[in-house]
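User: Could you take a close look at one strand in this model for me? I'd like to know what surrounds it and how it fits into the rest of the chain.

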Amino acid sequence: MALYLGVMSGTSLDGLDIALIEQGPCTRLLATLFQPMPAQLRHELLALCSSGNDELARAAITEQRWAELAADSIQRLLSEQQLSPQAVRAIGSHGQTVRHEPHRGFTIQIGNPALLAELTGITVISDFRRRDVAAGGQGAPLVPAFHESAFGCHQQVRAVLNIGGFSNLSLLSPSTPSRGFDCGPGNVLMDAWIQREKNLPFDRNGEWAASGTIDQDLLAALLGEDFFATRGPKSTGRELFNLPWLDAHLARHSGLRPEDVQATLLELTAKTISNALLEAQPQTQALLVCGGGAHNSALMRRLQALLPSCEVSSTDRHGVPPDWVEAMAFAWLAHCCLEGIPANRPAVTGARGSRILGAIYPA
């Protein structure tokens, strides 16, 4: 048995998820901590997602601040659990994705793992995605291997759906190798729209979306994006789906109420997920949902309506709280790296073969 920490900072940029796991024959969640993202750091990270002046220096300073925030949070969690840094074998740090363009041969996550190792006194494993990209893969999604480990030991045909800023599916069937891919926007457009229109961080329970009416013409235009017509392996990010992309469509569909746009964006998320699942694994019996979207009751109801023959439920029902699945996954990926276990899935990412993922920064 060994203890690992996972640090996840997703595309929603709401904060850091930190999970402490015990890794043996199974993965057991021991403790968690959520650290809200300071507004200025969030602003700086968002700005790095698009081109601008003096990017290299800005990225270097920003990742120092990210590492300092992560280190402070880790020390607080260890103090709460009365654990010393020496009790933890390694930290799996995802860092913060600021660019993801595998079609151009690169993906960039910043988080200064060397500084994080210095500040915590714990070995840090980071930079999980680039080896897969170097092998011709998408570098994402990486969580299907962990989903397979945590939820795949079952005779049911299952899919695990993570709805963070973007949505991704892991397809788990007893008779076939695991597969997975990004579906498209998860919360990213809904969050951006409500932040701009109502100055709220997110649409709690999808209540604002539920108050609106889906605009079928706008929905059809959004669904016409080429990404949705492609099959996996595929991944996406803010480089494609962002407010300027939405604004370009809204310019051709004027006069909509803001709540109707929100309703249409929720339907976009639900339809792209359900369409992808029905095409890739139509015999799915259970859809296990994790990530922030698992708390959006309007979205969960819509997924169930679009997938009537499939039981849609939170991963909580299966013993894993939905908010912590991804942080657990990166703690598990750190374990795989140190044990020399390949953790990508070529059928998911399109890489030329299995690879050991991550770079090691010793304590």
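Analyst: Happy to. A good place to start is A159, which stands opposite L171 in strand β8. On another strand, β10, the residue opposite A159 is L287. A159 belongs to β7, so let's follow that strand; please keep in mind that this is a predicted model.

Take the pairing with β8 to begin with. β7 (158-163) and β8 (residues 166-173) are antiparallel and share 6 bridges. Together they make a hairpin, with 2 residues between the strands. The pairing with β10 (286-290) has the parallel sense, and there 5 bridges join the strands.

How many residues of β7 are buried? The count is 6 of the 6, so the strand is largely enclosed by the rest of the structure. In a regular strand the side chains alternate between the two faces of the sheet. In β7, R158, V160 and N162 lie on one side, while A159, L161 and I163 lie on the other, and both sets are buried. Both faces of the strand are therefore covered, with "buried" standing for under 20% relative accessible area.

What packs here? One neighbour is helix α11 (residues 297-306), where A298, L299, M300, L303 and L306 are buried. The buried residues of α11 pack against β7, and also against α10, β10 and β11 (311-314).

The nonpolar cores tie these pieces together. The largest has 43 residues, and the ones touching the most other members are L161, L169, L265, L287, V289 and L303. Helix α10 (residues 258-280) is the biggest contributor to this core, giving 8 residues. There is also a second, separate core of 31 residues, which includes V160, C290, A329 and A334. Put next to the two faces of β7, this is a neat picture: L161, from one side of the strand, is in the largest core, whereas V160, from the other side, is in the second core.

L265 shows what the largest core looks like from one of its members. Leaving aside neighbours within four places in sequence, L265 is in contact with L189, M190, W193, L222 and L246.

That leads to helix α6 (residues 188-198), which holds D191. As a computational chemist you may want to look at this residue: D191 is buried yet has no salt bridge, and the nearest side chain of opposite charge, R42, is 6.5 Å away. Not counting residues up to four places away in sequence, D191 touches S12, P201 and F202.

For a contrast, turn to E207 in helix α7 (residues 207-210). E207 is exposed, with a relative accessible area of 53%. Its C-alpha atom is separated by 28 Å from that of S170, and the two residues are 37 apart along the chain.

Finally, the wider setting. The chain has 13 helices and 12 strands. Its radius of gyration is 20 Å, close to the 21 Å that the globule rule gives for 363 residues, so the chain is as compact as a globular protein of that length. Along the principal axes, the C-alpha atoms fill a box of roughly 60 × 50 × 40 Å. Of the 363 residues, 55% count as buried. Among contacts with a separation of 6 or more, 68% come from residues 24 or more positions apart.

Methods
Residues numbered from 1 in each chain as written. Predicted model: local features only at pLDDT ≥ 70, side-chain atom pairs only at ≥ 80, totals over all residues. Heavy atoms only, no water. Helix = DSSP H or I, 4+ residues; strand = E, 2+ residues; numbered from the N terminus. Buried < 20%, exposed > 50% of the residue type's maximum accessible area, 1.4 Å probe, protein only. Lys, Arg positive; Asp, Glu negative; His and termini not counted. Salt bridge = Lys/Arg side-chain N within 4 Å of Asp/Glu carboxyl O. Contact = heavy atoms within 4.5 Å. Core = buried A, V, L, I, M, F, W, Y, C linked by side-chain atoms within 4.5 Å. Pairing = 2+ DSSP bridges. Rg over C-alpha atoms; globule rule 2.2 N^0.38 Å.
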